[in-house]
Amino acid sequence: MSYLDTTHDVYKEAALTPDVGLCCTTNPIWELPGLSIPKIMQEMNYGCGSTVNARDLTNSPRILYVGVGGGMELLQFSYFSRQKAGVIGVDVVQEMLDASRKNFKEAEAQNDWFQSDFVDLKYGDALNLPVEDNSVDVAAQNCLFNIFKAEELKKAIEEMYRVLKPHGRLVMSDPTCEQPMNDALRNDERLRALCLSGSLPINEYVKALTDVGFGTIEIRARKPYRILDPQHYDTDELIYIESIEVAAIKDPMPEDGPCVFTGKAAIYYGADDYFDDQKGHVLLKNQPLAVCDKTAKALQNLDRNDIYISESTFHYDGGGCC
């Protein structure tokens, strides 16, 4: 049995018998006028953070979500795309698709605006999505990609890139870990299925996205997640795992490499009203400007004594240098 078979079995059981907190922390529930989330959807909310932000969902986008869980995020996305098949849900676990269909009937009873056909549920694999090329405005996954090993992760990201329209965005949440993990943890199929031992360092996670061609990366949040301790896991040291929320945008790749926003800001405090680096970046005096890591490095290399570059906060909320 491969690790993917183990993962399938874990989530098949979670579909048949809802398991609150199975592998991850509970997502925040969107509090929007007229939106009611059925309790069963909340109990089957298997994710490690937030994925899509409301600002990603303007103008009735076509949305793809891979790994449907109990349907909660599909319902939330439908709030912004109230059209037949405006949201596509893909899962390789048939029992999870069946559970979501059942849960949508409860959602219809609680939300007079919602219709089950707003969501097109498809049986399919993240490694071979049953979705047309360049057909989706927003794609999302929550606590799925960290399960994959390197070869499968590359394929899953390539598939998301394929189905996105130009300038579309892949929005996701996954556990990350900056500490090395031993082979016993890495090769534990159940721990990988439970969203723990597949966690990558942030720089490797980002590189996997840019290697496929995403030209802009936004790190929107970085939060405490789990602990692997020697008393309960096969490790000699305590391992700290975080949850990261990221948007990868299908922008053209700049000649000088991707724009990766990790929450840095530049502040000009010189004698003039502004500073213009003649490369498209204008810093108004005493007004922080969000800058990607590439721009931050270029500004630092100017070796000026009137520009301050902050450390990465790993929180980016839009705007800035690019």
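**Exercise 1. A pair in helix α5**

Decide how E158 is classed: buried, partly exposed or exposed.

*Solution.* Start with the accessibility: E158 has a relative accessibility of 29% and counts as partly exposed (buried is under 20% relative accessible area, exposed is over 50%, and partly exposed is in between, using a 1.4 Å probe and protein chains only). A word on what you are looking at: this is a predicted model, in which local features need pLDDT of at least 70 and side-chain atom pairs count only at pLDDT 80 or more, while totals for chains, interfaces and linings use all residues. Residues are numbered from 1 along each chain as its sequence is written, and side-chain values use heavy atoms, with hydrogens and water left out.

Next, look for a partner: the side chain of E158 meets that of K154 in a salt bridge, at 2.4 Å from N to O (a side-chain nitrogen of Lys or Arg within 4 Å of a carboxyl oxygen of Asp or Glu). K154 is partly exposed too, with a relative accessible area of 48%. Finally, place the pair: E158 and K154 are 4 residues apart in helix α5, about one turn of the helix (helices, H or I with at least four residues, and strands, E with at least two, are DSSP runs numbered from the N terminus).

**Exercise 2. A pair in helix α4**

Find how far apart the closest N and O atoms of R101 and D98 are, and work out where the two residues sit.

*Solution.* First the distance: R101 and D98 form a salt bridge, and their closest N and O atoms are 3.5 Å apart. Then the position: about one helical turn separates R101 from D98, because they are 3 residues apart in helix α4 (residues 94-110). Last, the exposure: R101 is partly exposed at 39% relative accessibility, and D98 is partly exposed with a relative accessible area of 39%.

**Exercise 3. A pair across two strands**

Which parts of the chain does the pair E242 and R222 tie together?

*Solution.* Begin with the contact: E242 and R222 meet through their side chains in a salt bridge of 2.7 Å, N to O. E242 belongs to strand β7 (residues 239-249) and R222 to strand β6 (residues 216-228), so the pair ties together parts that are 20 residues apart in sequence. Now check exposure: E242 is buried, at 12% relative accessibility, whereas R222 is partly exposed, at 28%.

To widen the view, the count of salt bridges comes to 18. One network of salt bridges links D56, R169, E218 and R220.

**Exercise 4. The largest pocket**

Describe the largest pocket by its volume, and then by its lining.

*Solution.* Take the volume first: about 540 Å³. (On a 1 Å grid over the protein atoms alone, a pocket is an open set of points where a 1.4 Å probe fits, with protein on both sides within 12 Å along at least five of seven lines; lining residues have an atom within 4 Å of a point.) The pocket is lined by 33 residues, and Y11, G67, D91, V92 and L144 are the closest to its centre. Helix α1 gives the largest share of this lining, 4 residues. Sorted by class, the lining has 19 nonpolar, 11 polar and 3 charged residues.

**Exercise 5. The second largest pocket**

Which helix supplies the largest share of the lining of the second largest pocket?

*Solution.* The second largest pocket holds about 280 Å³ of space. Among its 15 lining residues, A150, L153, L200, E204 and A208 lie nearest the centre. The helix asked for is α8, with 5 residues.

Methods
Points joined across faces, edges and corners; volume = space filled by probe spheres on them. Nonpolar A, V, L, I, M, F, W, Y, C, P; charged D, E, K, R; others polar.
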